[in-house]
Amino acid sequence: MSKPLSAPVWPTLFAASATASMGIQAQLIHTLRKALLAGRLPQDSRLPASRMLAKDLAISRSSVEAAYAQLEAEGYLERRAGSGSFVAFTPQLRPSKKTASASAQLSQRGQGIVDAGGCRDTTLPSLAFNAGQPDTRAFPHALWQKLMQQRWSKSGAALASYGPAQGLPELQLAIAGYLAQARGVDCQPEQILILNSSQQALQMIAQLLIDPEDTVWLEDPGYLGARNAMLAAGAQIVPVPVDQEGFNTGISQTLAAPRLIYTTPSHQYPLGIAMSLPRRMTLIAQAAAHQAWIIEDDYDSEFYYDQRPLPALQGLDQQGRVIYVGTFSKVLFPSLRLAYIVLPPALVPAFITARIAFDGHSAQFLQAVTADFITQGHFATHLRQMRLLYRSRRDLLLEKLQPIADVIKPVNTAAGLQFALQLSKGLEKPWTASGTTAGLALRPLSAFYQKEAKTEGWLMGYASLSNEQIIRASETLIKSYQEK
Ligand SMILES: Cc1ncc(COP(=O)(O)O)c(C=O)c1O
């Protein structure tokens, strides 16, 4: 483990990049993100303890804690077992003096992308309570290996060459069949474009459909990956609050006309609400009236435990305004790097050309194995097994949190790889600090709001944790409540 970064550099760093018009916390986030993106903080190096940094910079410790929490939610930092906050992200090439001066000449577009930042998921999936993590140990590895071997011996030479930009036809077909049956998505296989990730889908959509200053409606609280992609394209983000029926179409109808609308209707990210049917119909009507596109990010709807989710917005839309985004990151495994978008027919040619322009296509071999996994029935079996496994873990976590039921409120626990845990007012900051010190990964809900947070709490991942981990981590959480 590397040594902590020396404290005296921080005031200089801070002074050099802070902008007077920002609040203290925003300035600190900006400074740290900039330093991280410039590769000035090596991977795995330890940041100063929040108390120490607060003292060095003469700012409050809670500002430092909140800045660290935000950067952790964005994937730049990892906060570890009683030992502090560590750099989890560094650009691959540490810039030399020469490249550092070259990087100061980014295009405006490039600078926009860098300023918006990324949204990296954690590389420590089994640390409680990291969110958005499937259990990769429970994946049928032996079966996958057999399918890979079979595929390579059957068609290795063909799969080793360049492939179609829109994706392997047999995977398009397998996805179209699955989506029609499981999600009520109404599409031809040719409308499906295979990509590497939902994040790539969001970036492509933003780059192809947004001009600088265009308005984008984003759920608030919402997914940082979507926000960053829209910001990178120069969009004006207009936050739309969510309530117990999801995306608040009553409020959105009073807002500036959007070009794009981003929503997670099956399982609102991060609060977990399922958008009601009337709201879905209203949102589609609003999009049609504004001639706007809706991005439906259906990132984990396969994991429902109590009742099936409503069919996708895409299937309800008669106007061809919905772009449906799905990913294999959660239902198979994240490093597979396979996802897809279902495009309205009018957008298909432009997106295929853009895919050719950007990077060609996704790995053919893994597309073929994934198609086999689906068409041979293994996908349906795997989903059934994971639903049972994750449901039992959810139930165990809810049971183990019972002793602190008077200060916490788990909400919308019926689906997903995580649930939102609301906390009584004033608890989020101190309890996040004591829980983090005790070694837990606690992602504050406040980090997902564009401005002022309306809910205090955490996004609690449980799907990737064993029963033992859930029991131990719950005890630690309860203990850290007493120590906050
Ligand atoms: C709302 C949402 N969309 C998309 C993704 C990421 O999917 P991918 O790995 O395909 O980019 C996540 C990951 O946590 C997510 O939470």
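**Exercises: a pocket and a ligand**

The lining of the second largest pocket holds 14 nonpolar, 17 polar and 7 charged residues. Here Ala, Val, Leu, Ile, Met, Phe, Trp, Tyr, Cys and Pro count as nonpolar, Asp, Glu, Lys and Arg as charged, and the others, Gly among them, as polar. The model is predicted: local features need pLDDT of at least 70, side-chain atom pairs count only at pLDDT 80 or more, and totals for chains, interfaces and linings use all residues. Residues are numbered from 1 along each chain as its sequence is written, and side-chain values use heavy atoms, without hydrogens and water.

**Exercise 1.** Find which residues lie closest to the centre of the second largest pocket.

*Solution.*
- Step 1. Take the space: about 900 Å³. A pocket is an open set of points on a 1 Å grid where a 1.4 Å probe fits, with protein on both sides within 12 Å along at least five of seven lines; lining residues have an atom within 4 Å of a point.
- Step 2. Go to the centre. Of 38 lining residues, the closest are Cys 119, Arg 120, Asp 121, Gln 199 and Arg 337.

**Exercise 2.** Find which residues make contacts of 2.8 Å with an oxygen atom of the ligand.

*Solution.*
- Step 1. List the surroundings (a heavy atom within 4 Å). There are 13 residues, with Ser 198, Asp 297, Thr 327, Ser 329 and Lys 330 the closest.
- Step 2. Check the backbone. A polar backbone atom of Ser 198 is 2.8 Å from a ligand oxygen.
- Step 3. Check side chains. A polar side-chain atom of Lys 330 lies 2.8 Å from an oxygen of the ligand. For Arg 337, a polar side-chain atom also lies 2.8 Å from a ligand oxygen.

Definitions and conventions: Points joined across faces, edges and corners; volume = space filled by probe spheres on them. Polar contact = N/O pair within 3.5 Å; in protein donor to acceptor, adjacent residues only side chain to side chain.
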